Amino acid sequence: MRRNGLLMVLVGILAVGMLFAQFPTKPVEIIIPWSAGGATDLIFRAIAAVFPKYANGQPLVIRNIPGAGAVTGTMEFLKAKPDGYTLLSFAFPILVKMHWDEVKFTIDDFVPVINIVHDPSYILVNANSPYKTLNDLIQAAKANPGAITMGNGGAGGGNHLVAVAFEDFVGVKFTHVPFEGGGPAVTALVGGHIDAVMAAAPEGVTNVQAGQLRVLAVLGEKRLDVFPDVPTTVELGINFKLGMWRGVAAPKGTPAEIVQALHDIFYKCINDPEFQAKAKEMGNIISYMDSATFAQFVKQQNDYWERLMKEKKLGNKYGK
């Protein structure tokens with residue numbers, strides 16, 4: 001009896017192992033909690049184009065659920081079974097949203113799988129804008145506090161917080177205009193409805209190339225290949241560097257073997273020549289982190305932004 005019991009346990013372990021080895025056996029869905037056309041959406045559509053090659057032929061299905069600054073889509077993700085078949089495009093704006101508003105999730109509700117890109121933010125204006133340089137924009141904002149409208153992909157989201165941190169750093173005041181994702185913000189800028197947008201690759205890249213928009217500066221140390229003629233803030237004597245990281249998270253409780261399988265699939269995707277070519281075309285900077293490194297990075301980011309936003313009393317959560 002004891003030998004039979006041991007045999008059954010071994011058979012069960014082998015069966016579970018085979019199940020994980022065969023993962024996935026059906027389409028994998030990833031929730032993008034912003035509108036189509038924004039940076040995160042475009043990155044994961046590029047990933048989806050190569051995903052079946054490394055996922056037993058199964059597709060990565062993009063599901064856009066915009067609303068409430070990424071909260072609507074994130075809450076939908078939290079309802080998912082922890083089986084690896086529903087994922088979240090886990091990005092900087094979701095983390096800072098936890099400290100901007102009272103939301104029903106913390107970093108402990110996410111299992112970081114892999115980080116894919118880390119892109120410096122940049123400031124866009126309409127091609128017909130009177131602001132030809134970053135200094136033009138700063139001087140105008142200083143002369144008329146609140147007169148310049150700065151669009152972003154959602155209140156309390158990543159580029160909104162970058163814009164808030166930037167205005168604090170250079171001593172100006174913008175009027176921040178939130179949209180349901182970076183795509184709609186860029187569309188509003190093209191239409192002349194706002195003065196500027198704080199964005200990150202690939203938002204607005206094709207519009208700049210088409211001559212509709214202009215980039216004033218990249219908020220980092222190195223120029224972007226996609227904007228070789230655009231100076232960085234560091235070059236301009238403004239030591240301000242911030243940007244967007246974007247990766248993948250699974251629901252809390254997802255088995256470690258499934259997390260590893262997902263990591264391996266996405267790792268192969270980001271090393272695929274087709275994806276790398278598309279990322280370069282869009283201006284993205286691939287910044288791989290494995291699950292453990294990404295989890296530690298997320299914790300450090302969480303601690304940093306919680307402290308900063310409490311100190312500066314930013315948002316609805318700490319600004320009361």
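**Figure 1. Domain 1 and domain 2 have centres 24 Å apart, taken over C-alpha atoms.** The model shown is predicted. Domain 1 consists of residues 28-117 + 244-312, and domain 2 of residues 119-236, according to the domain assignment. Across the boundary, 28 residues of domain 1 are in contact with 27 residues of domain 2. The size of an interface is often given as the accessible area lost when the parts come together. Here the area buried between domain 1 and domain 2 is about 1,900 Å². Carbon and sulfur atoms give 60% of that area.

**Figure 2. The largest nonpolar core holds 90 residues.** Phe90, Ile116, Phe166 and Phe266 touch the most other members. Helix H9 (residues 256-270) supplies the largest share of this core, eight residues. Both domain 1 (28-117 + 244-312) and domain 2 (119-236) give residues to this core, so it lies between them. Another core, of 19 residues, lies apart from it. Val186, Leu189, Ile194 and Val197 are among the members of that other core.

**Figure 3. Helix H11 covers residues 291-311.** At 1.5 Å a residue, its 21 residues should span 30 Å. The end C-alpha atoms are 30 Å apart, which agrees with that span. The buried residues of H11 are Ser291, Phe294, Phe297, Val298, Gln301, Asn302, Trp305, Leu308 and Met309. They cover an arc of only 145° around the axis, which puts them on the same side of H11. An α-helix has 3.6 residues a turn, so residues three or four places apart point the same way. Exposed residues Ala292 and Glu311 sit on the face of H11 turned away from its buried side. Lysine 313 follows H11 and has a positive phi, near 50°.

**Figure 4. Aspartate 41 is a buried residue of helix H2 (residues 39-54).** The relative accessible area of aspartate 41 is 2%; buried means under 20%, so this residue qualifies. Not counting residues up to four places away in sequence, aspartate 41 touches Ile32, Ser35, Ala36, Ile62 and Asn64.

**Figure 5. Asparagine 56 and alanine 68 each have a positive phi without being glycine.** Asparagine 56 lies in the loop between H2 and strand S2 (60-64). Its phi is near 55°. Alanine 68 is placed in the loop between S2 and helix H3 (71-78). For alanine 68, phi is about 55°. Alanine 68 is partly exposed, at a relative accessible area of 43%.

**Figure 6. Cis peptide bonds precede proline 24 and proline 202.** The bond from phenylalanine 23 to proline 24 has omega near -5°. Proline 24 is in the loop between helix H1 (2-21) and strand S1 (28-32). The bond that joins alanine 201 and proline 202 has an omega of about 10°. Proline 202 is in the loop between strand S7 (196-200) and helix H8 (205-209).

**Figure 7. Glycine 146 is found in the loop between helix H5 (134-143) and strand S5 (149-152).** Glycine 146 is partly exposed, with 24% relative accessible area. Leaving aside neighbours within four places in sequence, glycine 146 is in contact with Lys173, Phe174 and Thr175. Isoleucine 238 is 92 residues from glycine 146 along the chain. The C-alpha atoms of glycine 146 and isoleucine 238 are separated by 21 Å.

How values were computed. Residues numbered from 1 in each chain as written. Predicted model: local features only at pLDDT ≥ 70, side-chain atom pairs only at ≥ 80, totals over all residues. Heavy atoms only, no water. Helix = DSSP H or I, 4+ residues; strand = E, 2+ residues; numbered from the N terminus. Expected span 1.5 Å × (residues − 1). Buried < 20%, exposed > 50% of the residue type's maximum accessible area, 1.4 Å probe, protein only. Arc of directions from axis to C-beta. Core = buried A, V, L, I, M, F, W, Y, C linked by side-chain atoms within 4.5 Å. Domains from an automatic or database assignment. Contact = heavy atoms within 4.5 Å. Buried area = accessible area lost by both parts, 1.4 Å probe.
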